[in-house]
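Visitor: Please choose one small place in this structure and examine it closely. I should then like to be led from that place to the wider arrangement, with each term explained as it arises.

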Amino acid sequence: MGESFRPKNAAELEELVKWAAAEREPLEVVGTGTKTALGRQVQGAHTLALSELKGIVDYEPSELVLTAKAGTPLAEIESLLESEGQELAFEPVDYGPVLGGEVGKGTFGGALAANLAGPRRLKAGAARDHVLGLQAVAGRGELFKAGGRVVKNVTGYDLARAFCSSWGTLAVASEITVKVAPKAAQEKTLCLFGLDGQQATNAMSAAMGSSAEVSSAAYIPPALAASVKGEFAGTQSVTALRLEGIPASVEYRIGTLKRELSGFGAIDVLEADGSRKLWRSLRQLDAFTGSQTTLWRVSVAPTNAESFISGLSQDAVVLRDWAGGLLWVSDPAENDGTALREALRKCGGGHATLVRGSPTLRASAEVFQPLDPGLAALTRRLKQQFDPHGILNPGRMYPGV
Amino acid sequence: MSGIAMPKPSEKLLRNKMKIVQDLQQIIPGEGVISEEVELRPYETDALTAYRQLPLAVVLPETVDQVSRVLKYCYDNDVKVVPRGAGTSLSGGALPLADGILMSMMKFNQVLDIDFENRAVVVQPGVTNLGITHAVQHEGFYYAPDPSSQIACSIGGNIAENSGGVHSLKYGLTTNNVLGLEMVLMTGEIIRLGGKHLDSEGYDFLALMTGSEGLLGVVTEVTVRILQKPETARAALIGFPTSEEAGQCVAEIIGEGIIPGGMELMDKLAIDAAEDFVHAGYPLDVEALMIVELDGPEAEVDYLLDRVSAIATANNSTYLRVSQSEEERNTFWAGRKAAFPAVGRISPDYLCMDGTIPRKALPEVLRRMQDLSVKHDLRCANVFHAGDGNLHPLILYDANKPGELEAAEAFGADILRLCVEVGGVLTGEHGVGIEKRDLMPEMFTEDDLKQQQRVKCAFDEKQLLNPGKVFPVLHRCAELGRMHVHKGQLPFPDIPRF
């Protein structure tokens, strides 16, 4: 067992990484550790926890910009924004519950480093679309900044955006700036019931291709419909389409969508409360909590979802978000992802990540999508440049990275 | 050419020109290699015309295989390569090198796949920005980023510069609208990133490529997302007696939670020049003019226009006109879109700057720019994307008067230092290129710049792709690899651990 370090400021963080680099001591970088069960296991390392490196640095509602230290609880940031009628538009998915933890325990830095996104990804993008700048320490122990505090900035390479989805393997952030957004005054959700997968794909595609500005689109199969507590009976599939904005606009767009989707059967409207409950449920992955079954996250072109799913076993349960572009797959017949990735390749490509799996599976399977040789080599070269001694979350994403 | 130094040309390469041209002709037969001075002339500059340089040769590949083989050849022979799209860069990103090859990607001009169901389009990099919209508009779709040069600029160039535009406040920059790409590294390796699905696997190389100014790889294919056009769009022209009041109005609109499709400001000099040029019907008795565009369903647009009008009135606006037809809306924009050429009519030359500042600093920056105008004894017209704090000060000068270009450049540098001082950045959308290269240390420390150059080293270790741009000092990659090691005991008694 290694030591556990909790730097309280950027200078301490810098000093610690300098030491680790000099001594070739690997560090497992975490916030509060809500996602340590996701990804490959980092072996024989000290723990570098950012939980004490916390606090809001700067927040000006009229600038729509917020800067906070990396270890700041996400919940603290979200409630501060809420008090000003604002939010993080990418509504990060909460992995806590499916990984055996509680809701709302993750950190700001963790959400960015894992490039989290929730159901509104379709309209608002992922964490990487909202990051503006950061201060971080790379693997040589050099404290540096990248990006800025303004929304439009092309000064130098976009390192702040590249930090997102690096899972702490390139640099450890001490402070991050993101753009925030005004919360919509109203939201409602249109629901279609009993569609099969192909019908749902068509309905979601028609909705997304209309001018109704749908911000989220999901398909919940019958087996999972009851997981949205209190809303659905659980015998029929639910195809849900979220509309947000000023009240008059939402009402108008409901009309647009109803016309667009008239061929798909009866349409119900969930009012604001029910709508919020539904999308929060998806954001927290309620459908897959309280179980230990293997869970994969698959990104695919929406219209290829159906053919991909037909390549899985009969027992596979799939929740479709992002109009079918994001699939949460629980397949008891799936072993190490080989068959699943083969099905993915056959249907035109995409990527699959093991979100929940036993320690044995995590050690043997490719947790993140295997890369083509050229891209894998480029990935190793980038890692080598930023962390030449392999001390930052070594092996978390790929062996040797 | 004024004060910006480029890497010293290699005498050996200059002497070997004939051999290099012959070798390249083996790879690209026919007319794909240009080496005669008269034919090289059109490629000597981009839209930053104060700088000109003839390249050793120009190649116009037509296939990915040719791009790969040319780059591999150049890699093996240490020949530098400058990629070029439509040549509309305002920062000198495509300025050739005397001993380097200029690679024009404009023969890659095909739309490869239009996929309405997945709302994605696959194109070759030489397709123009507007060309993408033209390919999909019959179904009501469009490609959102809209740089002013969209009729001419290429999507490959948009990737290189992470181009924005009038609508980026609401719809994002290029980086938010690209799903995938194919690129060739300097070694000739072909790499694909992303696709029609969201979020690429592994590291976000799409983020690094977008805005990399042609220093990391040559883009050979692009997948972008397209959006359904908003049902309606209406614009309001709002005049203010002072720039400060206009600036305050911008901050309050955003602060109220309204994100307009576009929100532009022009100052007196720019208003007068534009009105004189296109007769857009702009008021001439105001000091600042705002164009706000709201888009979406009609009910939403009407509601938001009422709120914007109320905020403007509370900020002492003296002129308000809301477009009543599509024709009138386009007229409002015609003046704004012609602002640069309009200013070009009242001055022999102008320099266009591109800093971004926090919105709240707008009044202060406008005031201090006036002081700088007096200090440098040059006029300055202001046109800006007010919604996202992106300024385009146009510095008026006459290149035929000795010392005026230098004075204009000094004025511009002062403006950019001011932007950084108030918490902003050197460039919002035009790129660093050669123009702002030597100002990078104003914004970044040596350690900051080292991290950026390490990205370059991961992609192009020999630094043959577009050298001399973006970075004021070219560190050799081996030199960047060194590290100051200080050995110690288990450190920091003051760091809590357990």
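Guide: The side chains of S291(A) and T293(A) are joined by a polar contact of 3.0 Å. A polar contact is a pair of N or O atoms within 3.5 Å; within protein, one atom must be able to donate a hydrogen and the other to accept it, and residues adjacent in sequence count only if both atoms are side-chain atoms. The model is a predicted one, in which local features need pLDDT of at least 70 and side-chain atom pairs count only at pLDDT 80 or more, whereas totals for chains, interfaces and linings use all residues. Residues are numbered from 1 along each chain as its sequence is written, chains are lettered from A and ligands numbered from 1 in the order in which they are written, and side-chain values use heavy atoms, with hydrogens and water left out.

S291(A) belongs to the loop between α9 (272-283) and β15 (295-300) of chain A. Such helices (H or I, at least four residues) and strands (E, at least two) are DSSP runs, numbered from the N terminus. With a relative accessible area of 27%, S291(A) is partly exposed; buried means under 20%, exposed over 50%, and partly exposed in between (1.4 Å probe, protein chains only). Its C-alpha atom is separated by 42 Å from that of A248(A), although the two residues are 43 residues apart along the chain.

Another loop of chain A, between β16 (317-321) and β17 (326-330), holds A323(A). A323(A) counts as buried, at 3% relative accessibility. Its phi is near 60°, a positive value in a residue other than glycine. Chain B offers a similar case for study: Q463(B) has a phi near 55°, again a positive value in a residue other than glycine. Q463(B) sits in the loop between α17 (446-459) and α18 (477-481) of chain B, and it is buried, with a relative accessible area of 13%.

The next step is to the place where the two chains meet. Here 88 residues of chain A are in contact with 101 residues of chain B, contact meaning heavy atoms within 4.5 Å. The area buried between the chains is about 8,200 Å², and carbon and sulfur atoms give 57% of it. K152(A), V154(A) and Y157(A) supply 12% of the area that chain A buries against chain B, more than any other three residues. Buried area is the accessible area (1.4 Å probe) that two parts lose on being put together, summed over both.

Eight salt bridges are found across this interface, a salt bridge being a side-chain nitrogen of Lys or Arg within 4 Å of a carboxyl oxygen of Asp or Glu. The side chains of R128(A) and D204(B) meet in a salt bridge of 2.8 Å, N to O. There are also 28 residue pairs in polar contact across the interface of chain A and chain B, both residues at pLDDT 80 or more. Helix α13 (residues 373-386) of chain A gives nine residues, the largest share of the side of chain A that touches chain B. That side divides into 38 nonpolar, 27 polar and 23 charged residues. In this count Ala, Val, Leu, Ile, Met, Phe, Trp, Tyr, Cys and Pro are nonpolar, Asp, Glu, Lys and Arg are charged, and the others, Gly among them, are polar.

D204(B) also serves as a reference point within its own chain: its C-alpha atom and that of K337(B) are separated by 34 Å, and the residues are 133 apart along the chain. K337(B) is found in helix α12 (residues 326-337) of chain B and is exposed, with a relative accessible area of 52%.

Chain B is divided into domain 1 (11-104), domain 2 (232-340) and domain 3 (347-440), with bounds from an automatic or database domain assignment. Domain 1 and domain 3 of chain B bury about 650 Å² between them, 66% of it on carbon and sulfur atoms. On the domain 1 side, Y51(B), L90(B) and S91(B) lose the most area to domain 3, together 64% of what that side buries. Between these two domains the count is zero salt bridges and four residue pairs in polar contact, both residues at pLDDT 80 or more.

Finally, E435(B) touches residues including L90(B) and S91(B). E435(B) is buried, with a relative accessible area of 16%, and a polar contact of 2.8 Å joins its side chain to that of K436(B).

How values were computed
Lists of a residue's contacts leave out its neighbours within four places in sequence.
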